[in-house]
Amino acid sequence: MRLLLALIPHIIVSTTHSFRTTFVRRHYSTFYQAHSNNNKKTTKTSTIVMMSAAATTTTKSLKICIAGGGNAAHALAALLPSQGYETTMFAPFQDQAQQIAEGMASQDGYMIADFASHNNIPKYSGRIQGRLTKISKDAADVIPDADVIFMPLPSFAYPSMLESIQPHLRPNQILCVTPGQGGFDWFAKQILGDELLSKIVICGLMPMPFNCRIETFGKCVKVQELKRNYSIGVLPSSAFDRCKDLLTDTLHAKSVEPAGGGTMLECTMWPINAIIHPARLYTLLNDWKPGDVLKDNPLFYEDFTPEAADMMDQLNRDLMAVGKGLSAAGIPVGEGPHIF
């Protein structure tokens, strides 16, 4: 039960399309309906081409599309163009594409990322900025030309995003999803189909590269941490080196190692946030009752209690036991991570 509590926020697993769709709509109906309606109503007028200022000089051969408009998407929108990648964005949710385009246009076409000073990366600490070449809520405008599609998304957004981009994918593209958990490969198999899936590469990237928060939507994001050490699951496994080279170049990775044996299942078996967050919140709020008001706004990590650490350890050991059991049954996933 403890393990189930930890995994539910991050893993939506189903063997049938109808159950998956019902679950997502029931629990995330506002997001799903708005997203689906936008997709149905999209026309070419939804495309915003950044022509008011010259795009950042392109020096890299790969073309990259960022799918999503959240915190990490903002950070990528500054980081990738600043390194010379021709970068576009697919932002289908509500009017995010318009908001981001207007925000960037108001500051000479740039997305700005403020990296904390301890990120000692040559040329990429402090403030960096980059220009996207195109932003759209229509996948047809940006997906077909991309060599790589970065997908920094929560797991509940996988189905609608995959359904949006499916008609526009082409062979040899890399779909890099982060943080890579939540059964992405199962959704991809259901939605993309075996034939298309056999022609592209899926990379599950862990952890999420950034600890960051949007400061002003469409304009600026604060990046506390750019992580440098990654574990990845790759489908097919023969594309591991290709994905490793991509992440080493785009994210300045120090190390890129296989998640266990390097499978997507092992990505799902490494839900670090889903171990940490429920333990902390449960021990913080398990005595709460209607009408209670917390005296202070609690700090998540700084005020971490021994009780929360103990529950976190128990959850983690449950996960490791599941990993051992699966491996013993002939499904090699390793033991999973121990976060201490």
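1. In which sense do strand 9 and strand 12 pair, and over how many bridges? In this predicted model, strand 9 (residues 201–206) and strand 12 are antiparallel, with 5 bridges between them. One facing pair to look at is L205, which stands opposite I232 in strand 12.

2. Strand 12 is a good place to stay for a moment. The strand spans residues 229–235, and 5 of its 7 residues are buried, which leaves it mostly covered. It also pairs with strand 13 (residues 255–258), this time in parallel, through 4 bridges. Here Y230 stands opposite V256 in strand 13. Between strand 12 and strand 13 the chain passes through helix 10 (residues 240–250), and the resulting β-α-β crossover is right-handed.

3. Do look at the hairpin of strand 10 and strand 11 as well. Strand 10 (residues 210–216) and strand 11 (residues 220–226) run antiparallel and are joined by 6 bridges. I214 stands opposite V221 in strand 11. The hairpin has 3 residues between its strands, and G218 takes a positive phi near 80 degrees.

4. Now for the interior. The largest nonpolar core holds 47 residues, and M89, F210, I232 and L247 have the most contacts inside it. Helix 4 (residues 71–82) is the biggest contributor to this core, giving 8 residues. A second core, separate from it, has 29 residues, including F90, F156, A157 and V177. I232, named above as the partner of L205, is thus met again among the residues with the most contacts in the largest core.

5. F210 deserves its own point. Leaving aside residues up to four places away in sequence, F210 touches A72, A75, L76, L79, F115, V223, E225, L226, K227 and L251. If you colour one residue by its neighbours, this list makes a handy guide.

6. On to the aromatic rings: the structure holds 4 aromatic pairs. In one of them, Y158 and F184 meet edge-to-face, with 5.0 Å from centre to centre and 90 degrees between the planes. This pair links distant parts of the chain, since Y158 is in helix 7 (residues 158–165) and F184 in helix 8 (residues 184–192), 26 residues apart. Are the two partners buried or exposed? Y158 is buried at a relative accessible area of 1%, and F184 is buried at 0%. Ring pairs also bring in F187, making a cluster of Y158, F184 and F187.

7. Another pair is made by F300 and F304. Their ring centres lie 6.4 Å apart with the planes at 65 degrees, so this pair counts as edge-to-face too. F300 is partly exposed at 25% relative accessibility, and F304 is partly exposed at 23%. The charged end of R280 sits over the ring of F300, 5.9 Å from the centre of that ring. Elsewhere, R131 lies over the face of Y110, 3.9 Å from the ring centre.

8. Two cis peptide bonds are worth checking by eye. T178 and P179 are joined by one, with omega about 15 degrees, and P179 is found in the loop between strand 8 (174–178) and helix 8. The bond from M206 to P207 is also cis, with omega near -5 degrees. P207 lies in the loop between strand 9 and strand 10.

9. Where do the non-glycine residues Q94 and N172, each with a positive phi, lie? Q94, with a phi of about 45 degrees, is in the loop between strand 3 (86–90) and helix 5 (96–105). N172, with a phi of about 80 degrees, is in the loop between helix 7 and strand 8. Q94 is partly exposed at 38% relative accessibility, whereas N172 counts as exposed at 52%. These are points to note because most residues other than glycine have a negative phi, and most peptide bonds are trans.

10. Finally, the overall picture. The protein has 13 helices and 13 strands. Of its 340 residues, 50% count as buried. Taking contacts between residues at least 6 apart in sequence, 76% join residues at least 24 apart. The pair of Y158 and F184, 26 residues apart, links distant parts of the chain in just this way.

Note on methods
Residues numbered from 1 in each chain as written. Predicted model: local features only at pLDDT ≥ 70, side-chain atom pairs only at ≥ 80, totals over all residues. Heavy atoms only, no water. Buried < 20%, exposed > 50% of the residue type's maximum accessible area, 1.4 Å probe, protein only. Helix = DSSP H or I, 4+ residues; strand = E, 2+ residues; numbered from the N terminus. Pairing = 2+ DSSP bridges. Right-handed = clockwise from strand over helix to strand, strands pointing away. Core = buried A, V, L, I, M, F, W, Y, C linked by side-chain atoms within 4.5 Å. Contact = heavy atoms within 4.5 Å. Phe/Tyr/Trp six-rings, centres within 6.5 Å; stacked < 30°, edge-to-face > 60°. Lys NZ or Arg CZ within 6 Å of the ring centre and 35° of its normal.
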